[in-house]
Amino acid sequence: MPGQAIITINHKQWIVSVATTPLELVTGLGGVSSIPPGTGMLFDMGQEQTITVTTVPMLFPLDIVFLDSSLIVNGIALNIAPGYIVTTEVPARFFLEVNAGEARSMQKGSRQRSM
């Protein structure tokens, strides 16, 4: 079962499940019908790398925020519908999946304040 954390970037805060095991990283939010506002899932890939996220198993649209090892936002994909694949432009260690629209005020260079 994934751990939990609170992610705060700029003035937005989410209570997230933290995916770290191979099964959690592959399953993620796939097959989940919806999540409450202000929640999501944080994926820790263990090291910085090019990340490819598939929304094929998703049942609702997502915003995806990519963060480097210093917890600085280095990529954002907004309103990604189920059935798409998103790949980072630069290596990242973490990515955050939240409801579509919740990360629209995010900017590259924003920093995660605490975890």
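In which strand is the place of Asn99? Asn99 sits in strand β8, which spans residues 92-99. The model shown in these views is predicted.

**Figure 1. Overview of the predicted model, with one helix and eight strands.**
Along the sequence the elements run β-β-α-β-β-β-β-β-β. The radius of gyration is 12 Å, close to the 13 Å that the globule rule gives for 115 residues, so the protein is as compact as a globular protein of that length. Along the principal axes, the C-alpha atoms fill a box of roughly 30 × 25 × 25 Å. Buried residues make up 43% of the 115. Take the contacts between residues at least 6 apart in sequence: 69% of them join residues at least 24 apart.

**Figure 2. The surface and charges of the protein.**
The protein exposes about 6000 Å². Carbon and sulfur atoms supply 56% of that area. There are 6 positive and 8 negative side chains. The centres of these two sets lie 9 Å apart.

**Figure 3. Asn99 in strand β8 and the backbone oxygens its side chain reaches.**
Asn99 has a relative accessibility of 14%. Because buried means under 20%, Asn99 counts as buried. The side chain of Asn99 reaches the backbone oxygen of Ile35 at 3.2 Å. A polar atom of this side chain also lies 3.4 Å from the backbone oxygen of Pro36. Beyond residues up to four places away in sequence, Asn99 touches Ile35, Pro36 and Pro37. Its other partners under that count are Phe60, Pro61, Leu62 and Asp63. Glu89 is ten residues from Asn99 along the chain, and their C-alpha atoms are separated by 22 Å.

**Figure 4. Ile35 in the loop between α1 and β3.**
Here the chain links α1 (22-27) to β3 (39-49), and Ile35 lies in the loop between them. Is Ile35 buried or exposed? Ile35 counts as buried, at 14% relative accessibility. Setting aside residues up to four places away in sequence, Ile35 touches Leu29, Gly40, Phe60, Val98 and Asn99. The contact with Asn99 goes with the polar one already shown, in which the Asn99 side chain reaches the Ile35 backbone oxygen. Phe60 is touched by Ile35 and by Asn99. Ile64 is 29 residues from Ile35 in sequence, and their C-alpha atoms are 14 Å apart.

**Figure 5. Asn74 in strand β6 and the backbone oxygen of Pro91.**
Strand β6 covers residues 73-80 and includes Asn74. Asn74 has 15% relative accessibility and so counts as buried. Which backbone oxygen lies 2.8 Å from a polar atom of the Asn74 side chain? The oxygen belongs to Pro91. Neighbours within four places in sequence left aside, Asn74 is in contact with Phe66, Leu67 and Asp68. The list continues with Val90, Pro91, Ala92 and Lys108. Ala92 falls in strand β8, whose residues are 92-99.

**Figure 6. Thr52 and Thr87, joined by their side chains.**
Thr52 is in strand β4, residues 52-54. How many residues separate Thr52 and Thr87 in sequence? They are 35 residues apart, yet their C-alpha atoms are 4.2 Å apart in space. A polar contact of 3.2 Å joins the two side chains. Apart from neighbours within four places in sequence, Thr52 is in contact with Ile85, Val86 and Thr87.

**Figure 7. Asn10 and Asn79, two residues with positive phi.**
Most residues other than glycine have a negative phi. Phi of Asn10 is near 55°. Asn10 lies in the loop between β1 (3-9) and β2 (12-19). At 28% relative accessibility, Asn10 counts as partly exposed. Phi of Asn79 is near 50°, again a positive value in a residue other than glycine. Asn79 is found in strand β6. With 54% relative accessibility, Asn79 counts as exposed. Asn74, also in β6, counts as buried.

How values were computed:
Residues numbered from 1 in each chain as written. Predicted model: local features only at pLDDT ≥ 70, side-chain atom pairs only at ≥ 80, totals over all residues. Heavy atoms only, no water. Helix = DSSP H or I, 4+ residues; strand = E, 2+ residues; numbered from the N terminus. Buried < 20%, exposed > 50% of the residue type's maximum accessible area, 1.4 Å probe, protein only. Polar contact = N/O pair within 3.5 Å; in protein donor to acceptor, adjacent residues only side chain to side chain. Contact = heavy atoms within 4.5 Å. Rg over C-alpha atoms; globule rule 2.2 N^0.38 Å. Areas by Shrake-Rupley, 256 points an atom, 1.4 Å probe, with all protein chains shown as cover. Lys, Arg positive; Asp, Glu negative; His and termini not counted. Charge placed at Lys NZ, Arg CZ, Asp CG, Glu CD.
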